[in-house]
Amino acid sequence: LTQAQGKLTAEKATSGNLQIELDGAKAELTTAQGTIETQAAEILKAQQLGTVYKFLADVNTARAVLETLDVNSTRQAINFAKADLVELEATGIEAASIAGFKDRLDEAETKLGEPDLLTSRAALNTLYQNILLLIDNLK
């Protein structure tokens, strides 16, 4: 009986030590989980910013090419910008943050037939400024 009580006491001590180790592992896991979630959010933000900068570059290219009155190249750059916008939407960015972007692209494209191209130029300039504002707010 004494021997059994000794074993029981030893097992209780071992069980207590194991519980302490388990609690420590749980705390480490919780900390690691928090770190992973923070890093995942940072990665998403970096992906969004990368896509926004790509979008900005294509819109700026459309603006620059439009200045040379090259309608076909402008249309091509606008199409690339439209693809960038779809990619940006897929990152889960808030719809309100990019509201009107598609409309500006569509307006710029449909008004490429105007002789002076003023409406297309204005739509692309407005879009460019809106993207800069978006970048500022995503940082």
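Thr91 sits in the loop between α2 and α3. In this predicted model, Thr91 is buried, with 16% relative accessible area, a value that falls under the 20% cut-off for that word. Setting aside residues up to four places away in sequence, Thr91 touches Leu44, Gln48 and Thr51. With Gln48 there is also a polar contact, side chain to side chain, at 3.4 Å. Right by Thr91 comes Gly92, just after α2, with a positive phi of about 90°.

**Helix α2**

Now step back into the helix itself. Helix α2 covers residues 71-90, 20 residues in total. At 1.5 Å a residue, a helix like that should span 28 Å, and the C-alpha atoms at its ends are 29 Å apart, so the two figures agree.

Which residues of α2 are buried? They are Thr74, Ala77, Ile78, Ala81, Asp84, Leu85 and Leu88. Looking down the axis of α2, you find these buried residues within an arc of 115°, so they line one face of the helix. What do they pack against? The partners are α1 (2-67), α3 (101-110) and α4 (118-138). On the face turned away from the buried side, α2 carries the exposed residues Asn72, Val86 and Ala90.

The start of α2 has a detail of its own: a side-chain oxygen of Asp70 comes to within 3.4 Å of the backbone nitrogen of Asn72.

**Helix α3 and an aromatic pair**

In α3, the buried residues are Phe101, Leu105, Ala108 and Glu109. They cover an arc of only 95° around the axis, which means that they are on the same side of α3. These buried residues pack against α1, α2 and α4.

Phe101 deserves a second look. How many aromatic pairs does the count give? It comes to 1 aromatic pair. The partners are Phe55 and Phe101, with 5.9 Å from centre to centre and 35° between the planes, which makes the pair tilted. Phe55 belongs to helix α1 and Phe101 to helix α3, so the pair ties together parts that are 46 residues apart in sequence. Both rings belong to buried residues: Phe55 has 0% relative accessibility, and Phe101 has 2%.

**Helix α4: Tyr128 and Ser120**

Tyr128 is placed in helix α4. Is Tyr128 buried or exposed? At 17% relative accessibility, Tyr128 counts as buried. The charged end of Arg63 sits over the ring of Tyr128, 4.0 Å from the centre of that ring. Not counting residues up to four places away in sequence, Tyr128 touches Arg63 along with Leu56, Val59 and Asn60. There is a link back to the aromatic pair, too: Tyr128 and Phe55 are 73 residues apart along the chain, and their C-alpha atoms are separated by 9.3 Å.

Ser120 is another residue of helix α4. Its relative accessible area is 0%, so Ser120 is buried. What is Ser120 in contact with, once neighbours within four places in sequence are left aside? The contacts are Leu66, Glu107, Ala108, Lys111 and Leu112. One of these, Ala108, is also among the buried residues of α3.

**Two leucines with positive phi**

Most residues other than glycine have a negative phi. That gives two leucines in this model some interest. Leu69 has a positive phi near 65°, and Leu117 has a positive phi of about 60°. Leu69 is found in the loop between α1 and α2, while Leu117 is in the loop between α3 and α4. Where they part company is accessibility: Leu69 counts as exposed at 55%, whereas Leu117 is buried at 3%.

**Accessibility of some residues discussed above**

| Residue | Relative accessible area | State |
|---|---|---|
| Thr91 | 16% | buried |
| Phe55 | 0% | buried |
| Phe101 | 2% | buried |
| Tyr128 | 17% | buried |
| Ser120 | 0% | buried |
| Leu69 | 55% | exposed |
| Leu117 | 3% | buried |

Notes:
Residues are numbered from 1 along each chain as its sequence is written. This is a predicted model: local features need pLDDT of at least 70, side-chain atom pairs count only at pLDDT 80 or more; totals for chains, interfaces and linings use all residues. Side-chain values use heavy atoms; hydrogens and water are left out. Helices (H or I, at least four residues) and strands (E, at least two) are DSSP runs, numbered from the N terminus. The expected span of a helix is 1.5 Å times one less than its number of residues. Buried means under 20% relative accessible area, exposed over 50%, partly exposed in between (1.4 Å probe, protein chains only). The arc is that of the directions from the helix axis to the C-beta atoms. Contact means heavy atoms within 4.5 Å. A polar contact is a pair of N or O atoms within 3.5 Å; within protein, one must be able to donate a hydrogen and the other to accept it, and residues adjacent in sequence count only if both atoms are side-chain atoms. Rings of Phe, Tyr and Trp (its six-membered ring) pair if their centres lie within 6.5 Å; planes under 30 degrees apart count as stacked, over 60 as edge-to-face and the rest as tilted. A charge sits over a ring if NZ of Lys or CZ of Arg is within 6 Å of the ring centre and within 35 degrees of the ring normal.
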